[in-house]
Amino acid sequence: MQKILVVPDSFKGSLTSAQVCDILAEVFGWHFPGAQIVRVPLAGGGAGSAEAFLSAAGGERRTVRVMGLYGEEVRAPYALLPGRHTAVIEVAACAGLQLARAAGRLQPGRATTYGVGQMILDALQIGCREILLCLGDSAASDGGAGCAAALGVRFLDASGRSFVPVGDTLKNIAHIDLLGRAPALAGAKLRVLCDVRRTLCGGAAGYGQQAAGLGEGLAHLAAVAEADLGVSIRELSGGGAAGGMGAGAVAFLGGELCQGTEMLLDLVNFDELLADASLVLTGEGCIDAQTAQGKVVAGVARRARAAGVPVLAFAGILGEGAGQLYELGVTAMQAANRAGLPLEQAAPRAAADLRRAAEDACRLLELRER
């Protein structure tokens, strides 16, 4: 074993990609002391994306005070890449699942993305001309309406009153007015980083009993957007990401949906790193059929297969459809959460469980090398 690349996503709600890197590098370094271990923490558009871009390209952090999920003030960080012309902004920084869980209040129908728009506006005001908006791990399902409202887009009810919609009130939108949209947006490029392929009306998926009502609100938003703005977002691939933020960013802000994983892999020169690699380690919190649609594990596996390098993928859990990753280039997979615990119980022990899974993988590799 000469060179091991450690290229994981975060384990959502429990471990950052940097923490996953550290655990895997420590365990594999102990078992294969002669190997060069290269850490490349990634994030395909979810929490940790800003940090991943800073790690890959350098730059600085900026923190602003904005509105949180339920109207409270929060301090939200974002990244400024070298030159201060490009900002990397995560929806999760002020409207993320971890913030909702910390507050003990996961109510996607009442949550807003208004603070995300405030972050974008701040970046534009300090001179950024490119915004990389990372959609993952949102706790809101407002179709990006809150974000757009912070940037001057007006949502009007049947009586002509302007209001800031949340998921539960999307059905009250009668008209959408872009005339007051922040002028600085016209001179900037908004790239919306999204590795989830679901369409808009699937943007409420994962919210249990609330999903049906939220899906109806997103469908209504799509109908009004088509009638007033002449833009069709209902079937937009990736439009359902972050509770419909993908579609909203395209329709209201002129954004362009992009693959975050591919952008980061190019930025870190991943293909060059693969040239003399013996093994690639990757992973994410849950590997399932959705992973194959373009998340970090899939992107890493495709490139590693092209280079002829085996890939070992770690996950908290292996879900339905995980076997599709074998067709993309993953050689083997290991689940860390073997007891199948729910996230709330699994998160505190995630580091220990991942370490144990890595230890088992190393023992199997050592057996193979004998």
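This report describes two pockets, one buried residue and one small sheet in a predicted model.

Residues are numbered from 1 along each chain as its sequence is written, and side-chain values use heavy atoms, with hydrogens and water left out. Because the model is predicted, local features need pLDDT of at least 70 and side-chain atom pairs count only at pLDDT 80 or more, whereas totals for chains, interfaces and linings use all residues.

## Two pockets

Rolling a probe the size of a water molecule over the atoms shows where empty space is left. A pocket here is an open set of points, on a 1 Å grid over the protein atoms alone, where a 1.4 Å probe fits and protein lies on both sides within 12 Å along at least five of seven lines; lining residues have an atom within 4 Å of a point. A volume is the space filled by probe spheres set on the points, which are joined across faces, edges and corners.

| Pocket | Volume | Closest to the centre |
|---|---|---|
| Largest | about 1,300 Å³ | Lys12, Leu97, Asp137, Cys286 and Lys295 |
| Second largest | about 480 Å³ | Ala47, Gly48, Glu90, Ala92 and Gln98 |

The largest pocket is lined by 47 residues, and the elements that give two or more residues to this lining include helix H4 (97-102), helix H8 (241-253) and strand S12 (279-287). Helices (H or I, at least four residues) and strands (E, at least two) are DSSP runs, numbered from the N terminus. The second largest pocket has 28 lining residues, and the largest share of them, four residues, comes from H4.

By class, the lining of the largest pocket has 22 nonpolar, 14 polar and eleven charged residues, while that of the second largest has 14 nonpolar, eight polar and six charged residues. Ala, Val, Leu, Ile, Met, Phe, Trp, Tyr, Cys and Pro count as nonpolar, Asp, Glu, Lys and Arg as charged, and the others, Gly among them, as polar.

## A buried threonine

Thr86 is found in strand S5. Thr86 counts as buried because its relative accessibility is 13%, buried meaning under 20% relative accessible area with a 1.4 Å probe and protein chains only.

## A small sheet

Three strands form an open sheet in the order S8-S7-S9, with antiparallel pairing; two strands pair if DSSP finds at least two bridges between them. Strand S8 (162-163) and strand S9 (175-177) stand at the edges with a single partner strand each, so one side of each is left without a neighbour in the sheet. Strand S7 (residues 154-156) pairs with S9 over three bridges, and Leu156 stands opposite His175 in S9.

Methods:
Buried < 20%, exposed > 50% of the residue type's maximum accessible area, 1.4 Å probe, protein only.
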